[in-house]
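Please walk me through this structure. I would like to know how its interior is packed and how its cysteines are paired.

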Amino acid sequence: MRLSTPMLSAAVGLGLTAAALGTVPAAAAPAPEPASAASFAGYNGSGEEAKANEAFFEAVLESVAEKRAASPKAAAAVTVVYNASAAPSFSAQIARSTQIWNSSVSNVKLQAGSSADFTYREGNDSRGSYASSDGHGRGYIFLDYAQNRQYDSTRVTAHETGHVLGLPDHYTGPCSELMSGGGPGTSCTNANPNAAERSRVNQLWANGLAKALAKVNQDQ
């Protein structure tokens, strides 16, 4: 990811379709009949989608850097704050995804809170689950009901959260690669990033944050 890339307004399907395990609770809002994997617009990815992923990461990075600049004595690990109140049906999957990422990387930690750098939402969308950012530190992950009945819901959530942390899609990868998304098919339930993905996130939140902080301090 290049920190110099301009922020982009985006609402693009990220292509990781949803849950064979960890299905949406019965109390969730009504949803349409499960769609086939091929029907989800972002399933195979696109250049536009990749730019949206990068823009979302940069928006969150900028938001965190601004908070960091205001509190220079903050802890070494960066905290990214999220609000999941608009996705109650996925509270368990979001909590599990947070636990997975927090135990996998050391330079950034996810934490629920009101002063959020991004939020989670839920509902019905023909694009499936996706990330959206206005490029100014305000973005959200949308979790689609039908998609999350078709693929493992914790994997969907952890995958989408991986975009917030800076990882791109890689649909041709194996099931052991979290960012391969829906590529390995509905039988893949792995929700953990592999060693390369963990290393990349740690790198992004060390070097990338330093550059973002320098920019914020320069603009002040």
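Contact here means heavy atoms within 4.5 Å. The model is a predicted one.

Take V201 as the way in. Leaving aside residues up to four places away in sequence, V201 touches W101, V105, V108, L165 and L167. V201 also belongs to the largest nonpolar core, which has 36 residues. Within that core, V201 is among the residues that touch the most other members. The others in that group are V60, V80, W101, F118, Y120 and W205. W101 thus appears in both lists: it is a contact of V201, and it is one of the core residues with the most fellow members touched.

Which elements give two or more residues to this core? The helices are α1 (47-70), α2 (91-104), α4 (153-164) and α5 (195-219). The strands are β2 (78-86), β3 (108-112), β4 (118-123) and β6 (139-144). Of these, α1 gives the most, with six residues.

Now turn to the cysteines. How many disulfides does a search of the whole structure find? The search finds one. This disulfide joins C175 to C188, with an S to S distance of 2.1 Å. Both cysteines lie in the loop between α4 and α5, so the bond ties together parts that are 13 residues apart in sequence. The torsion about the S-S bond is about 90 degrees, so the disulfide is right-handed.

Are the two partners buried or exposed? C175 is partly exposed, with a relative accessible area of 28%. C188 is buried, at 2%. The cut-off explains the labels: buried means under 20% relative accessible area, and partly exposed runs from there up to 50%.

Methods:
Residues are numbered from 1 along each chain as its sequence is written. This is a predicted model: local features need pLDDT of at least 70, side-chain atom pairs count only at pLDDT 80 or more; totals for chains, interfaces and linings use all residues. Side-chain values use heavy atoms; hydrogens and water are left out. A nonpolar core is a set of buried Ala, Val, Leu, Ile, Met, Phe, Trp, Tyr and Cys residues joined through side-chain atoms within 4.5 Å. Buried means under 20% relative accessible area, exposed over 50%, partly exposed in between (1.4 Å probe, protein chains only). Helices (H or I, at least four residues) and strands (E, at least two) are DSSP runs, numbered from the N terminus. A disulfide is a pair of cysteine sulfur atoms within 2.5 Å.
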